[in-house]
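Subject: Structure handover

Dear colleague,

Here is the structure I said I would pass on. Please look it over alongside the notes below.

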Amino acid sequence: MQEMTHNKSDLFGIGSMDIQGALFDLDGVLVDTAKYHYLAWKRLANAWGFDFTETDNERLKGVSRVRSLEILLEIGGVSMTDSQKEEAAALKNSWYVEYLTALDETALLPGSWEYLQRLREHGIRIALGSASKNAPLILDRLNITGFFDAVIDGNTVSKAKPDPEVFIKGAAALGLAPEHCVVFEDSLAGIEAAKRGGMKAVGVGRPELLPGADRYVASLTEML
Ligand code: G6P
Ligand code: MG
């Protein structure tokens with residue numbers, strides 16, 4: 001008799017037959033927002049009289065807003081009080097949100113929409129696991145909110161990746177055990193968070209930059 005149900009392991013290619021949930025990082029996995037973060041941080045650096053290069057910006061990927069600011073200050077050799085830091089982070093965010101008004105479906109990274117749709121068609125539960133406090137706004141602008149059964153973001157977690165909190169909460173929100181979930185991540189801290197949380201991990205990016213993942217893809221088109 002012909003098999004009617006799709007073998008779910010084919011959807012992930014990690015040799016695990018019992019994956020029922022997918023947890024996605026946002027920035028760098030589903031959408032290219034790095035350039036907007038970069039523009040906003042650079043504007044701040046320039047206002048303080050130093051430059052901030054795209055290479056420097058690599059250090060901020062996957063890193064929380066506050067920690068990003070601290071790295072920027074380190075680069076510029078600038079020191080400030082906690083309340084000045086708060087003000088600076090708020091200013092950066094206001095510029096970033098302003099840039100996000102230009103965001104639309106064309107900013108989705110290749111394969112994102114098609115893969116999310118395929119997972120849904122196969123009954124896989126889907127959660128977002130992002131450090132960004134702007135995640136709901138971004139999902140909305142990309143028109144992909146409807147794909148997600150749960151959204152865990154910078155507003156709901158207190159411990160930044162590589163702490164596994166964001167993914168543990170994501171799996172729990174899907175009603176799944178961590179070992180039945182796979183995480184898609186483009187940052188080293190995110191891969192570490194997934195492994196510490198007991199999930200499988202797919203690294204989206206260069207293997208040498210993301211040690212510890214169960215599988216690597218250059219983009220989600222390779223998952224199709
Ligand atoms: C993601 C990005 C980081 C960003 C962080 C917080 O992890 O990769 O570059 O700093 O989210 O984003 P937010 O939108 O809250 O400033
Ligand atoms: Mg990321």
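The notes below go through the metal site, the other ligand, the strands and a few local features.

The model is predicted, not experimental.

Metal site

The magnesium ion (ligand 2) has three protein residues as donors: Asp 25 and Asp 186 through OD, and Asp 27 through its O atom, at 2.0 to 2.2 Å. Along the sequence these donors follow the spacing D-x1-D-x158-D. Asp 25 sits in the loop between β1 and α1 (34-47). With a relative accessible area of 6%, Asp 25 is buried. Asp 27 has a relative accessible area of 19%, and it also counts as buried because the cut-off is under 20%. Besides binding the ion, Asp 25 makes a side-chain polar contact of 3.1 Å with Lys 161.

The cis peptide

Lys 161 also takes part in an unusual peptide bond: the one from Lys 161 to Pro 162 is cis, with omega near 20°. Most peptide bonds are trans. Pro 162 belongs to the loop between β3 (150-152) and α7 (165-174). The residue that contacts Asp 25 through its side chain is therefore the one that precedes the cis proline, because the bond in question runs from Lys 161 to Pro 162.Ligand 1

Which residues are closest to ligand 1? They are Val 63, Arg 65, Ser 132, Lys 133 and Asn 134, out of 14 residues that surround the ligand. By type, the shell divides into four nonpolar, six polar and four charged residues. Oxygen atoms of ligand 1 have polar protein atoms close by in several places. A backbone N or O atom of Gly 62 lies 2.8 Å from one such oxygen atom, and a backbone N or O atom of Lys 133 lies 2.7 Å from an oxygen atom of the ligand. Asn 134 contributes a polar side-chain atom, 2.7 Å from an oxygen atom of ligand 1. On its own, ligand 1 has 390 Å² of accessible area, and the protein covers 96% of that.

Strands

Strand β1 (residues 21-24) pairs with β4 in the parallel sense, over four bridges. At one end of β1, Gly 21 has Cys 181 as its bridge partner in β4, and Phe 24 is partnered in β4 by Phe 184. β1 also pairs in the parallel sense with strand β2 (residues 125-129), again over four bridges. In β2, the bridge partner of Gly 21 is Arg 125, so Gly 21 has a partner in β2 and another in β4.

β4 in turn is joined to strand β5 (residues 200-204) by four bridges, and these two strands run parallel. Val 182 of β4 is bridged to Lys 200 in β5.

Are the faces of β1 buried or exposed? Both are covered: Gly 21 and Leu 23 on one side, and Ala 22 and Phe 24 on the other, are all buried. In β4, Cys 181, Val 183 and Glu 185 point one way and Val 182 and Phe 184 the other, and all are buried. Five of the five residues of β4 (residues 181-185) are buried, so the strand is largely enclosed by the rest of the structure.

Other local features

Asn 143 is in the loop between α6 (135-142) and β3. Its phi is near 65°, a positive value in a residue other than glycine. Most residues other than glycine have a negative phi. Asn 143 is exposed, with a relative accessible area of 53%.

Phe 167 is part of helix α7. At 0% relative accessibility, Phe 167 counts as buried. Its C-alpha atom is separated by 9.2 Å from that of Gly 190, which is 23 residues away along the chain.

When you open the model, a reasonable place to begin is the magnesium ion (ligand 2) with Asp 25, Asp 27 and Asp 186, followed by the contact between Asp 25 and Lys 161.

Regards

Conventions:
Residues are numbered from 1 along each chain as its sequence is written. Chains are lettered from A and ligands numbered from 1 in the order in which they are written. This is a predicted model: local features need pLDDT of at least 70, side-chain atom pairs count only at pLDDT 80 or more; totals for chains, interfaces and linings use all residues. Side-chain values use heavy atoms; hydrogens and water are left out. Donors are N, O and S atoms within 2.8 Å of the metal (3.2 Å for Na, K and Ca); water is not among the atoms, so sites may look incomplete. Buried means under 20% relative accessible area, exposed over 50%, partly exposed in between (1.4 Å probe, protein chains only). A residue is near a molecule or strand if one of its heavy atoms lies within 4 Å of it. A polar contact is a pair of N or O atoms within 3.5 Å; within protein, one must be able to donate a hydrogen and the other to accept it, and residues adjacent in sequence count only if both atoms are side-chain atoms. Accessible areas come from the Shrake-Rupley method with a 1.4 Å probe; for residues, only the protein chains shown count as cover. Ala, Val, Leu, Ile, Met, Phe, Trp, Tyr, Cys and Pro count as nonpolar, Asp, Glu, Lys and Arg as charged, and the others, Gly among them, as polar. Two strands pair if DSSP finds at least two bridges between them.
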